Amino acid sequence: MRISRRAAVAAVVLATVLPLSACGGGSGSDSTDASGKVEGEITFQTWNLQANFKDYFNGVIADFEKKYPGTEVKWVDRPGEGYADKISADAAGGTLPDVVNVSPDLVAPLAEAGIALDLDKAASKYREEYLPEAWASHQVPGTEGTFAFPWYLNTGPMFYNKRLLQKAGLDPAKPPATYDEVFAAGLKLAGASGGKVAALANVPTIEDFGRYGGALMNDEGTGFAFNDAKGIELLKKYKELYDAKALDPQALTATPESSGHKFLTESVAMNPGSALDLANFKKQAPGLYKNIGITDQVSNTGKANMYVMGVMVNAQSKRKPASVAFAHYVTDATRQMEFAKQVAIFPSTAGSLDDPYFTEEDGTDETRVRVAAAKSLKTAVNYTPVLFSEQMKTELRNQIAKALQGKQSPKEALDNAVKACDRLLQQS
């Protein structure tokens with residue numbers, strides 16, 4: 001997949017895959033036994049990585065084949081566009097590769113269909129090698145097991161404009177850290193600028209409801225719960241921001257790109273981002289770059305949001321020992337550290353974030369962001385429920401827009417969003 005701050009975001013085609021409990025590439029067996037000799041030919045599928053990382057993956061494959069004589073790994077790379085559809089089609093046609101690059105939302109329907117190998121049964125000896133929250137990210141509510149090795153992680157800081165905060169009478173050395181502080185700062189920013197400067201350029205997402213401290217799903221994983229008291233309170237606060245022009249007027253239709261442009265043109269004081277953004281700021285807006293502050297993600301829980309990618313093993317592979325061995329090899333500490341030094345991502349392996357590369361600053365903003373992000377990832381959580389599909393994200397966003405426009409109350413909006421998401425969940 002294209003590596004970015006939003007690396008875990010993907011479309012999911014649940015309805016196509018879920019009925020396929022008897023389908024998949026390989027022997028047709030759903031056995032979780034992966035013992036035996038590591039040998040034979042397997043196929044490894046990645047998500048839009050070949051263009052930029054061909055040498056890296058060819059090297060990993062060559063090293064694996066050298067370590068396990070008699071193995072052969074065929075690497076295929078699929079474009080980002082239509083990746084979920086391709087997985088669904090392969091699952092339906094029994095041609096899904098042995099080892100597959102997935103995100104948590106993509107693995108959920110495959111797990112429920114019995115196509116994703118349960119690593120808690122087949123490879124539990126590797127569990128302690130990974131951060132607990134990363135390992136748990138590919139678990140599915142209501143289904144026992146873990147269905148992919150955690151691979152690379154990402155998160156990002158909050159950038160803020162020190163000049164705009166100071167102009168509004170706020171202390172740029174103490175940027176907002178909690179949602180209440182953001183809301184208070186937003187009203188000051190809008191008031192001081194006559195509505196020309198907003199605090200934020202995006203409506204709340206499911207991750208915001210999680211970081212605010214509200215519930216997202218019930219304990220059984222059979223229904224959504226973000227319409228609890230905390231969720232309603234959060235949306236009420238966003239409504240106050242919107243009415244005061246402390247939330248950008250175009251937030252209802254904003255994209256990450258448009259929000260970034262608002263921050264770039266200094267009409268918005270705060271915007272989430274990553275180390276990759278700093279180079280853009282320096283090149284496109286030198287004046288802004290000199291006034292950029294870098295702080296942690298806004299959170300009431302003290303835990304940042306974690307974006308995660310994984311590597312799944314096809315439960316019906318004819319070469320399970322080799323498939324499990326290779327999936328683990330790609331995601332072990334050595335390979336993850338090598339990958340993290342080529343691109344702005346972070347390893348999911350236990351202890352890797354204590355490496356000096358992630359703990360020692362060298363005076364540059366890029367390193368500062370990397371060190372801060374690595375620190376937050378040690379306790380970060382993947383707030384996006386694995387069962388929360390793209391359709392559900394759209395339903396939530398549409399209902400939030402109606403609430404902000406005053407067409408319905410925050411409670412009505414979230415009740416309607418939960419009903420719609422629960423309906424989609426049942427249909428899947």
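**Exercise 1. Determine how the span of helix α17 (residues 365–377) compares with expectation, and identify its buried residues.**

Solution. The model is predicted: local features require pLDDT of at least 70, side-chain atom pairs count only at pLDDT 80 or more, and totals for chains, interfaces and linings use all residues. Residues are numbered from 1 along each chain as its sequence is written, and side-chain values use heavy atoms, with hydrogens and water left out.

Step 1. Helices are DSSP runs (H or I, at least four residues), numbered from the N terminus. Helix α17 contains 13 residues.

Step 2. The expected span is 1.5 Å times one less than the number of residues. For α17 this expectation is 18 Å, and the distance from the first C-alpha to the last is close to it, at 18 Å.

Step 3. Buried denotes under 20% relative accessible area, exposed over 50%, and partly exposed in between (1.4 Å probe, protein chains only). In α17, the buried residues are Thr367, Val369, Val371, Ala373, Ala374, Ser376 and Leu377.

**Exercise 2. Describe the environment of Ser323.**

Solution. Step 1. Ser323 is located in helix α14 (residues 320–330).

Step 2. With a relative accessible area of 0%, Ser323 is buried.

Step 3. Contact means heavy atoms within 4.5 Å. Leaving aside residues up to four places away in sequence, Ser323 touches Ile42, Asp98, Val99, Val313 and Ser317.

**Exercise 3. State how many salt bridges the structure holds, and analyse the pairs Lys86 with Asp90 and Lys411 with Asp415.**

Solution. Step 1. A salt bridge is a side-chain nitrogen of Lys or Arg within 4 Å of a carboxyl oxygen of Asp or Glu. The structure holds 11 of them.

Step 2. In the pair Lys86 and Asp90, the closest N and O atoms are 3.3 Å apart. The two residues are 4 residues apart in helix α3 (residues 83–93), which means a separation of about one helical turn. An α-helix has 3.6 residues a turn, so residues three or four places apart point the same way.

Step 3. Lys86 is partly exposed at 31% relative accessibility, whereas Asp90 is buried at 6%.

Step 4. Lys411 and Asp415 have their closest N and O atoms 2.8 Å apart. Both belong to helix α19 (residues 410–427), 4 residues apart, about one turn. Lys411 is partly exposed, at 47% relative accessibility.

**Exercise 4. Establish which parts the salt bridge of Asp248 and Lys262 ties together.**

Solution. Step 1. The side chains of Asp248 and Lys262 form a salt bridge at 3.5 Å, N to O.

Step 2. Asp248 lies in the loop between α10 (229–243) and α11 (256–264), and Lys262 in helix α11, so the pair ties together parts 14 residues apart in sequence.

Step 3. Asp248 and Lys262 are both buried.
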